[in-house]
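Visitor: Could you take me slowly through the pockets of this model, and then through the patch on its surface? I would like one connected account that I can follow with the structure in view.

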Amino acid sequence: MGYQNFPIHNIHVMRESLHKLRNTVETAISPSAHLAGVEESGWLTHVKIVIDTAKFIAHAISVESYSVLIHCSDGWDRTAQTSSLSQILLDPHYRTLNGFQILVEKEWLAFGHKFVDRCCLLCRNPDEVSPIFLQFLDCVYQLQHQFPTRFEFNENYLVELYDMLTSGKFGTFLGNNEKDRKRQKLSDRTFSIWGYLWENIHLFINRTTSRVAR
């Protein structure tokens with residue numbers, strides 16, 4: 001198979017795309033203007049490319065029996081997106097509530113995605129802000145929409161996860177890496193977002209889940 005390159009753009013392009021999308025949502029005065037603005041933002045095109053990349057990885061592993069090395073320029077943005085999504089496609093465990101939590105913990109938190117910078121939790125450098133994790137969640141939503149019986153959790157889970165991430169109420173995503181979180185002893189000093197989500201689990205269960213998905 002050899003080397004394969006996919007045109008997933010950098011954090012600056014994604015930030016500008018989301019800015020255009022938000023502007024459309026806030027200002028569009030007609031359905032046609034809304035649709036035109038969404039298309040012009042390029043957001044859904046970016047989402048499709050990320051999903052296509054994950055699909056390629058999953059096919060290479062499951063059908064062609066290749067080993068796959070995934071890497072972007074830094075390794076903690078597009079790598080986390082495509083690695084996570086490909087695992088969701090390959091393994092139904094990661095489509096369960098417990099499995100999805102494990103996936104986020106290992107591929108995003110432990111791997112070093114810079115949540116503080118990317119999600120503007122402290123806004124130290126505006127050039128570092130980018131909706132990489134939000135885009136990943138949108139990709140998961142698109143898969144839920146296409147395969148509604150294959151996920152144990154519903155779209156409300158994705159929305160609540162991101163809302164609580166950016167609320168500052170929990171320490172789970174504070175810090176740009178595990179070293180930051182351990183140095184600040186966040187697990188001892190703050191509440192976990194996962195505990196909150198599990199306490200409200202009745203709101204997030206997908207009632208149409210098939211047994212195969214579990």
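Guide: In this predicted model, the lining of the largest pocket receives at least two residues from H3 and at least two from H4. The space inside the largest pocket comes to about 530 Å³, and among the 21 residues that line it, Gln 4, Phe 6, Leu 69, Ile 70 and His 71 are the closest to its centre. Sorted by character, the lining of the largest pocket consists of 11 nonpolar, 9 polar and 1 charged residues.

The second largest pocket holds about 420 Å³ of space, and its lining is made of 14 residues, with Leu 134, Leu 137, Asp 138, Tyr 141 and Val 159 lying nearest its centre. Two or more residues of this lining come from each of helix H1 (11-27), H3, helix H7 (132-146) and helix H8 (155-167). Here the division is into 10 nonpolar, 1 polar and 3 charged residues.

Turning from the pockets to the surface, you can look for a nonpolar patch of about 290 Å², to which Ile 61, Tyr 66, Val 68 and Leu 90 contribute. One of these residues, Tyr 66, sits in the loop that lies between helix H3 (43-62) and helix H4 (78-90). Tyr 66 counts as partly exposed because its relative accessibility is 36%, a value that falls between the limit of 20% for buried residues and that of 50% for exposed ones.

Conventions: Residues are numbered from 1 along each chain as its sequence is written. This is a predicted model: local features need pLDDT of at least 70, side-chain atom pairs count only at pLDDT 80 or more; totals for chains, interfaces and linings use all residues. Side-chain values use heavy atoms; hydrogens and water are left out. Patches are made of residues with over 30% relative accessible area and no salt bridge: like charges are joined within 9 Å, nonpolar side chains (Val, Leu, Ile, Met, Phe, Trp, Tyr) within 5 Å. Accessible areas come from the Shrake-Rupley method with a 1.4 Å probe; for residues, only the protein chains shown count as cover. A salt bridge is a side-chain nitrogen of Lys or Arg within 4 Å of a carboxyl oxygen of Asp or Glu. Helices (H or I, at least four residues) and strands (E, at least two) are DSSP runs, numbered from the N terminus. Buried means under 20% relative accessible area, exposed over 50%, partly exposed in between (1.4 Å probe, protein chains only). On a 1 Å grid over the protein atoms alone, a cavity is a set of points where a 1.4 Å probe fits but cannot get out, and a pocket is an open set with protein on both sides within 12 Å along at least five of seven lines; lining residues have an atom within 4 Å of a point. Grid points are joined across faces, edges and corners, and a volume is the space filled by probe spheres set on the points. Ala, Val, Leu, Ile, Met, Phe, Trp, Tyr, Cys and Pro count as nonpolar, Asp, Glu, Lys and Arg as charged, and the others, Gly among them, as polar.
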